[in-house]
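Colleague: I should like to learn how to read the features of a model such as this one. May we begin with the way in which two helices cross?

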Amino acid sequence: MREIIRLEDICRDFIVGEETVHALRGVSFTISEGEFVTIMGSSGSGKSTLLNTLGCLDTPTSGEYWLDGISVRTMDKNRRATLRNRKIGFVFQSYNLLPKTTAVENVELPLMYNSSYSSSQRRQKAVSALEAVGLGDRLWHKSNQMSGGQMQRVAIARALVNDPAVILADEATGNLDTRTSFEVLVLFQKLHAEGRTIIFVTHNPEISRYSSRNITLRDGRVTGDVLNGNILDAAATLASIPVEED
Amino acid sequence: MNIGNLFKIAVKALSNNKFRGFLTMLGIIIGVAAVITMLAIGQGSKRSIQAQISEMGSNMIMIHPGGERRGGVRLSPEDMESLKLGDLQDIQTQTSFVTYVSPAVNSAGQAIYGANNTPTTVYGVNRDYLEIRRYRVQDGEVFTEQDIRTAAKVCLVGKSVVDELFPEGQNPIGKVIRFGTIPLRIIGVLESKGYNSMGMDQDDLIIAPYTTVQKRMLAITHLQEIICSAVTEDYTEQAIEEISRILRDNHRLKDTDEDDFSIRSQQELSSMMTSTTDTMTVLLAVVAGISLLVGGIGIMNIMYVSVTERTREIGLRMSIGAKGRDILAQFLIESVLISVTGGLIGVVLGVGAALLVNLLASYPVFIQPWSVILSFAVCTVTGVFFGWYPAKKAAGLDPIEAIRYE
């Protein structure tokens, strides 16, 4: 399997006032194409910093990071912006959709910052991404007319639209109720089955049971990295959750 | 990212907040409209004054005898006899910037015809006078060179004099009126010019050959005044210089001597009058400009609020690949769109308001193309200027913090 992410001894220090905070203290691992990795850790474990580093939003203080074979550490802001645009799809906890904007327009957004797409190509890709997340019938709904689960699926479609090397999800189910969480998890498993590489950062240990690999972070170090031999089927779990009557 | 996409994004963002955008625009609309209307009104009054002055002969130059010291006593200009016929002839022949030259000797008195009489003034002049003062003959004709040589007892009369002396509407041509004791035959009636900008009735006059006034009425040989016209108003300065040189020569003045004549031009009058309205125009424009500035500050304020309010959006855009300059451009385009749209509406409103003032208050207005272009340019610059700082702030946000901004 092709190597998508390679971290080598990543350290990230923050200077807060007089003190230096070591958020990451030498993190190393590789993630191959097609893996569904959960990164777990309590708050303060450094998982947000790791996510920012993986997402090319931040650069490590020391260590090397290769994304899809490209060294990120020495890149300036603008080149990292372009790299994010081409290689990464973000899914955030709070969806971060544009208000009063249709699903299609929201999904098109990453392609707006890529001048190699024409407006008809953009539209076409956005529609197929929305169909892939099961929102083919809600293309023209505005973000304020959708439920949380639908909004998160639009956000996932937005993360898919640029065919990224890796999808980075940051507590993507954190704002959703159990049932909707599993619906989203089903979607992630489906994408995984289609061969997408997914990194899912969470503090919820349950989610790790549905991924193929689980990296645990504590105090800025990797304390566990296990392959999941028994991946649970989110669809089956979803079916077992009773539908609540209103 | 191409500019077309940025444009779409900006339009979209603005249309999400139509009412707020409109309120922001309102500042610019009022500012631009005010600038245009105020300048139109200012320019309108300036133009109307200029037109009135030019009707009097804007290129007119008046030469009077100047006060002179004689044995320590400064004499009144009227008592001076320094302007001679020779001066007139030299100005006629030796200048290149002067078109028409006329002597002027005036005599005030009572004009009488039958039982009617009216106080008026006889202007003793030559034929050029009519050209200089832009008088046109409505009926009859102008006296001839022969009349001047012979000091003929003929005259042209203004409308006001005709009205006073011939109240029954008889044809005045050929009638003999008396001015003081001198009988004058009316050979022409002048076209009415009405009142000038200083409220003087320009039709209350009698024009006669200057020789007639000189010899038969005043018994003098000198000239009270010489009136000339420059080739055009713009050559007034040069014409004055030429005339001044000739007169100093003729009067044998030494370099150290003061002029024994004074030259005034209509240009001075016109510049004096227009400078008043210019001051008004500047004042109006300044007030209007301040409202444009206030409008600009309104844009800046709203853009600031907008940047703060949309911090998460900015964070998202950055995390999906927008560069700092894309964000900068987006917000700049937004503020320029507000100001340009506001500017366009302001231009339409300003022009409309100016025309309305003209229509309803029949106040003279003149919309100068440059005032429209200027105010429009200023409001575009305002958009960039006041949009720059908020846009810069947006572009400088850290995506990590922005995306989680609450």
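Modeller: A crossing is called right-handed if the near helix is turned clockwise from the far one by less than a right angle, and left-handed if anticlockwise. In this model, which is predicted, the crossing of α1(B) and α11(B) is right-handed.

Colleague: At what angle do α1(B) and α11(B) pack, and how far apart are their axes?

Modeller: The angle is about 55°, and the axes of α1(B) and α11(B) lie 9 Å apart. Angles from 65 to 115 degrees count as roughly perpendicular and those under 35 as roughly parallel; α1(B) and α11(B) are therefore oblique to each other.

Colleague: Which residues make the contact of α1(B) with α11(B)?

Modeller: From α1(B) come B:Leu6, B:Phe7, B:Ile9, B:Ala10, B:Val11, B:Ala13 and B:Leu14. The contributors from α11(B) include B:Ile333, B:Glu334 and B:Leu337. By class, the residues of this contact comprise 10 nonpolar, one polar and two charged.

Colleague: How should I read the contact between the chains, and how many residues does each chain give?

Modeller: The size of an interface is often given as the accessible area lost when the parts come together. Here a residue count is available: 21 residues of chain A and 19 residues of chain B take part. On the side of chain B that touches chain A, α1 (3–15), α10 (311–319), α11 (324–360) and α13 (399–403) each supply at least two residues. The most come from α10(B), with five residues. That side of chain B has nine nonpolar, six polar and four charged residues.

Colleague: In what order do the strands of the open sheet in chain A run?

Modeller: The six strands of this sheet follow the order β6-β7-β8-β3-β9-β10, and their pairing is mixed. An edge strand pairs on one side only, as do β6 (88–91) and β10 (221–227) of chain A. From one strand to the next, the twist averages 20°. Within the sheet, β3 (residues 36–40) and β8 (residues 198–202) of chain A pair in the parallel sense over five bridges. A:Ile39 has A:Val201 as its bridge partner in β8(A).

Colleague: Finally, why does B:Gln368 count as partly exposed?

Modeller: A residue is buried at 20 or more C-beta neighbours within 10 Å and exposed at 12 or fewer. B:Gln368 has 15 such neighbours inside 10 Å, so this residue counts as partly exposed. B:Gln368 sits in the loop between α11 and α12 (369–395) of chain B. Leaving aside residues up to four places away in sequence, B:Gln368 touches B:Leu39 and B:Gln43.

Notes:
Residues are numbered from 1 along each chain as its sequence is written. Chains are lettered from A and ligands numbered from 1 in the order in which they are written. This is a predicted model: local features need pLDDT of at least 70, side-chain atom pairs count only at pLDDT 80 or more; totals for chains, interfaces and linings use all residues. Two residues are in contact if their C-beta atoms, placed from the backbone, lie within 7 Å. Helices (H or I, at least four residues) and strands (E, at least two) are DSSP runs, numbered from the N terminus. Ala, Val, Leu, Ile, Met, Phe, Trp, Tyr, Cys and Pro count as nonpolar, Asp, Glu, Lys and Arg as charged, and the others, Gly among them, as polar. Two strands pair if DSSP finds at least two bridges between them. Axes are lines fitted to C-alpha atoms, for helices over the stretch in contact, and angles run from 0 to 180 degrees between N-to-C directions. Angles under 35 degrees count as roughly parallel, over 145 as roughly antiparallel, 65 to 115 as roughly perpendicular and the rest as oblique.
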